Amino acid sequence: MDSKTVLDIFKQITRIPRESGHEAPMTAFLQEFAASRSLNCKTDETGNVLITKEASPGKEYVPTLVLQGHQDMVCEKVAGSSHDFLKDPIDYVIEDGWMIAKETTLGADDGIGIAAGLALLESDLPMGRIECLFTISEETGMDGAMALEEGFFDGKVLINLDSEEEGEFCIGCAGGVNTVARFHYTTENCRAEWKRLSLKIDGARGGHSGDDITCHRLNTVPAMASFLLGELPYGLQLFLIKGGGKHNALSRDCEVHIAVPDADATIARFLSYGEEKKKEYAADEPDIRFTASRDNSNDKAIDAFTCENLLRSLTTCPHGVITMSPDIEGLPETSTNLASVRMVEKGVITVTTSQRSSVTSECRKIAAAVAKNFAAAGAECEHFSEYPGWKPDMNSHVLEVCVESYRKLFHKDPIVKAIHAGLECGLFLEKFPGLDMISFGPTLKGVHAPGERMDLKSLDMFVAHLTDVVCNYR
């Protein structure tokens with residue numbers, strides 16, 4: 001097994017639609033991969049796939065290793081892109097040692113983990129028995145891991161292949177929960193003498209709501225809401241608001257359709273507001289844009305009472321890091337992400353948020369605070385997809401093996417850490433008590449946002465390290 005083999009398999013995966021909740025083509029690909037190589041394969045009712053390769057001769061005594069990744073990917077694209085994630089292959093380029101999807105997410109999170117597992121399965125490397133577990137819908141709620149049945153795999157040691165910084169070994173992660181608020185509204189006619197406008201903020205960097213929550217990045221949803229709230233005294237009717245995307249991604253854009261008594265004055269104030277934000281985020285958000293144009297739609301407006309309550313709640317909703325870890329320098333302990341606002345149902349506006357913490361009680365506390373904020377504005381609130389964190393074990397045997405292997409190969413120490421992002425390991429530990437786990441992978445940047453890229457040099461190192469660990473595990 002080498003990195004070229006892994007990359008070639010990943011290139012095949014980029015041609016397979018696998019948006020969360022729509023992994024059937026990916027599941028079929030995995031099943032066919034196993035069948036064509038006469039490997040034992042089983043699929044549960046949820047869509048989780050387990051492919052097993054028996055031990056090489058002389059390696060029967062080696063403990064079974066579980067190699068795990070998730071089938072789905074976060075599907076985000078730049079504004080104006082015609083890419084259809086349900087049917088189109090990912091368009092990528094290789095530039096300066098990076099594999100990059102410029103207009104969409106690349107899906108290396110976690111397609112490269114799947115590719116590494118498949119490359120091991122088809123290799124003739126001398127190794128013990130391996131079980132490759134590929135779960136579904138990790139990105140939207142860890143549905144596959146939650147539904148995993150006791151006894152689905154046999155191994156007592158699990159290597160999660162869903163980390164994003166080569167040379168860093170993850171041995172713990174945050175737990176999380178999603179909180180959704182729904183505003184029910186009535187409509188009213190537009191004032192005949194008022195002018196309609198479309199306002200848009202886009203070009204923000206976005207990113208992963210766990211890994212990038214400490215970054216100084218513009219959240220376009222509360223930024224837009226704050227401007228509109230300031231416009232209410234001048235007169236404003238709101239017809240449409242849409243911003244953000246997935247619950248685990250930072251908001252990159254927001255668009256509204258409004259009616260105002262003085263269009264020129266509103267446009268001037270909006271563009272001036274945009275210049276202020278550009279200065280505020282100059283070092284971190286070089287590409288943000290604030291644009292205004294005339295709008296000729298004839299939709300009815302959201303009732304004024306709901307409009308004001310919605311805008312106020314979007315500006316007062318907590319967002320970002322709430323507390324930092326008292327034990328690990330630089331690691332957030334608790335955070336919350338105001339992810340999106342959408343009008344997907346008639347008469348309903350949905351606001352999606354997500355909360356993370358390494359302390360379950362603190363995660364629930366901030367989720368309750370977010371819900372209270374929106375409930376006070378008249379919204380119905382719901383918590384869902386709660387998942388546990390993963391407590392670090394510095395005495396882990398697989399950690400010891402991986403550290404020794406890394407030192408031998410690269411003559412330096414890896415970084416051992418916990419992360420603020422969520423991994424499925426906490427759920428595995430609940431279902432399989434005593435499971436010894438670690439997570440590592442190649443370097444990925446910009447995950448959960450268009451422009452996601454993978455460092456190919458780091459892929460070489462990741463593959464060499466994984467190969468050494470699997471072949472020499474005792």
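## Val401 and helix α10

Val401 sits in helix α10 of this predicted model. Its relative accessibility is 14%, so Val401 counts as buried. The cut-off for that label is under 20%.

Beyond residues up to four places away in sequence, Val401 touches Val469 and Tyr473. Arg474 is 73 residues from Val401 in sequence. In space, the C-alpha to C-alpha separation of Val401 and Arg474 is 8.4 Å.

## Nonpolar cores

The largest nonpolar core holds 63 residues. Within that core, Phe10 and Met454 touch the most other members. These two residues also meet each other: Met454 is among the contacts of Phe10.

With neighbours within four places in sequence set aside, the remaining contacts of Phe10 are Arg18, Met99, Leu106, Gly107, Ala108, Gly111, Ile112 and Ala115. A second core of 43 residues is separate from that one. Its members include Leu228, Leu314, Val351 and Ala379.

## Ser354 in strand β20

Strand β20 covers residues 348-357 and contains Ser354. Is Ser354 buried or exposed? Ser354 is buried, because its relative accessible area is 5% and the limit for buried is under 20%.

The side chain of Ser354 has a polar partner. It reaches the backbone oxygen of His247 at 3.0 Å. His247 also appears in the contact list of Ser354, which leaves out neighbours within four places in sequence. The other entries are Val177, Asn178, Ser209, Ser335, Thr336 and Asn337.

## The second largest pocket

The second largest pocket has a volume of about 370 Å³. Its lining comprises 28 residues. Nearest the centre lie Cys173, Ser358, Val359, Trp390 and Lys391.

Several elements each give two or more residues to this lining. The strands are β8 (168-173), β9 (175-184), β19 (332-345), β21 (380-387) and β22 (415-419). The helix is α9 (360-375). Which element gives the most? Helix α9 does, with 3 residues. By class, the pocket lining has 14 nonpolar, 9 polar and 5 charged residues.

## Two cavities

How many cavities of 30 Å³ or more are there? The count is 2. The largest cavity holds about 50 Å³ of space. Around it are Glu166, Gly167, Phe169, Tyr406, Phe440, Gly441, Met461, Phe462 and His465. Helix α12 (residues 456-472) gives the most to this lining, with 3 residues. The lining splits into 5 nonpolar, 3 polar and 1 charged.

The second largest cavity holds about 40 Å³. Its lining includes Thr14, Ile16, Pro17, Arg18 and Glu19. Met73, Cys75, His83, Phe85, Asp88 and Ile90 also line the second largest cavity. Here the classes are 6 nonpolar, 2 polar and 3 charged. One lining residue, Arg18, is also a contact of Phe10.

## Backbone points to inspect

Most residues other than glycine have a negative phi, and most peptide bonds are trans. Three sites in this model are worth listing against that background.

Asp109 and Asp110 are joined by a cis peptide bond, with omega about 5 degrees. Asp110 belongs to helix α3, residues 108-122.

Ser137 is not a glycine, yet its phi is positive, at about 50 degrees. Ser137 lies in the loop between β6 (130-135) and α4 (138-141). His411, also not a glycine, has a positive phi of about 60 degrees. The loop between α10 (397-410) and β22 carries His411.

How do Ser137 and His411 stand in accessibility, buried or exposed? Ser137 is buried, with a relative accessible area of 4%. His411 is exposed, with a relative accessible area of 69%.

Methods: Residues are numbered from 1 along each chain as its sequence is written. This is a predicted model: local features need pLDDT of at least 70, side-chain atom pairs count only at pLDDT 80 or more; totals for chains, interfaces and linings use all residues. Side-chain values use heavy atoms; hydrogens and water are left out. On a 1 Å grid over the protein atoms alone, a cavity is a set of points where a 1.4 Å probe fits but cannot get out, and a pocket is an open set with protein on both sides within 12 Å along at least five of seven lines; lining residues have an atom within 4 Å of a point. Grid points are joined across faces, edges and corners, and a volume is the space filled by probe spheres set on the points. Helices (H or I, at least four residues) and strands (E, at least two) are DSSP runs, numbered from the N terminus. Ala, Val, Leu, Ile, Met, Phe, Trp, Tyr, Cys and Pro count as nonpolar, Asp, Glu, Lys and Arg as charged, and the others, Gly among them, as polar. A nonpolar core is a set of buried Ala, Val, Leu, Ile, Met, Phe, Trp, Tyr and Cys residues joined through side-chain atoms within 4.5 Å. Buried means under 20% relative accessible area, exposed over 50%, partly exposed in between (1.4 Å probe, protein chains only). Contact means heavy atoms within 4.5 Å. A polar contact is a pair of N or O atoms within 3.5 Å; within protein, one must be able to donate a hydrogen and the other to accept it, and residues adjacent in sequence count only if both atoms are side-chain atoms.
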